[in-house]
Amino acid sequence: MLGDAGDSRLREKELINNLLLRQVEGLIYTSVDRHPYIDLIQSSGTPCVMLDRVESGEGLSTIQVNEKLAAYKITHHLIQHGYKNIGIICGPKEMLNTQDRLAGWLNALEGSSLIANPKWILNGEYTRDWGYQAIHKMSKDGLPDAIFATNELQAFGCLKALAELNLRVPEDIALVCFNGTIQSEYTVPSLTTVRQPVDKIAEKAIQILQNWSQKKALYEVEFELQIGHSCGCKTR
């Protein structure tokens, strides 16, 4: 059984309660924000694997990608290209992955003595439409040299908006993103992106539940920086 809260805390709690009422044998859980309903799950005695960066509690195992480090790496990749003015298109402020990705971007800029311009930090939704809107909002005050879209769908919207503004990627402005899938390889240009090992994460989560031991554990899986054309690597 699969449940999608659509970034809603209320919907998330409803889904968990419904699954627990169905007496599922285990849960693989990723929360909307930094306040997951761990107590609710643990009080039911249901084994749970958390796919978030949270403190592991008794009987709770966590699998995570270091999203802060991944965001740092992809931003640093832009800096290595020589870009100094780098903007970021984020998800909702309250979401934990938004906070981690923003922190990684900031760390990369600060580590290279670059300024984080508040005009180039935009929070919205993890959607194509928000990526599209964000570019047009940024363009009113002047676009940066490069943009980090913290979600692949946002990057798709960015490409459309930049094309409407007659800006070429990466010749006029570079673009990278987070959570890339196979679709990133088929955009024009192909996207440079952070890819998470979804198959490995799912396999590990199922393995933990099948061999449930009540012991808390933290597992970190490696991300991959997939190089496309959008950062300028293969065109310069």
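Which residues does the UniProt annotation "domain: Transcriptional regulator LacI/GalR-like sensor" cover? According to that unreviewed entry, the annotation covers residues 76-210; UniProt positions follow the numbering used here, feature names are shortened, and annotations may be inferred rather than shown by experiment. The model is predicted, so local features need pLDDT of at least 70 and side-chain atom pairs count only at pLDDT 80 or more, while totals for chains, interfaces and linings use all residues. Residues are numbered from 1 along each chain as its sequence is written, and side-chain values use heavy atoms, with hydrogens and water left out.

Across residues 76-210, the end C-alpha atoms lie 39 Å apart, and the span is 44% helix and 16% strand (helices, H or I of at least four residues, and strands, E of at least two, are DSSP runs numbered from the N terminus).

Now to the interior. The largest nonpolar core (buried Ala, Val, Leu, Ile, Met, Phe, Trp, Tyr and Cys residues joined through side-chain atoms within 4.5 Å) has 28 residues, and Ile63, Leu78, Ile86 and Phe148 touch the most other members. Buried here means under 20% relative accessible area, with exposed over 50% and partly exposed in between (1.4 Å probe, protein chains only). Elements giving two or more residues to this core include α3 (67-80), β4 (86-90) and β7 (174-178); α3 gives the most, with five. Domain 1 (9-65 + 197-222) and domain 2 (67-195) both contribute residues, so this core lies between them; the bounds come from an automatic or database domain assignment. Leu78 touches, among others, Tyr83, Ile86, Val176 and Cys231, leaving aside residues up to four places away in sequence (contact is heavy atoms within 4.5 Å). A second, separate core of 20 residues includes Ala134, Leu159, Val169 and Leu175.

Strand β7 is covered on both faces: Ala174, Val176 and Phe178 are buried on one side, Leu175 and Cys177 on the other. β7 pairs with β6 in the parallel sense over four bridges (pairing takes at least two DSSP bridges between two strands), and Val176 is the bridge partner of Phe148. β7 also pairs in parallel with β8 (residues 192-195), over three bridges, where Thr193 is the partner of Cys177.

Then there is β3 (residues 60-64): five of its five residues are buried, so this strand is largely enclosed by the rest of the structure. Three bridges join β3 to the parallel β2 (residues 48-50), with Val49 partnering Ser61. Four more bridges link β3 to β9 (residues 217-220), again in parallel, and Ile63 stands opposite Tyr219.
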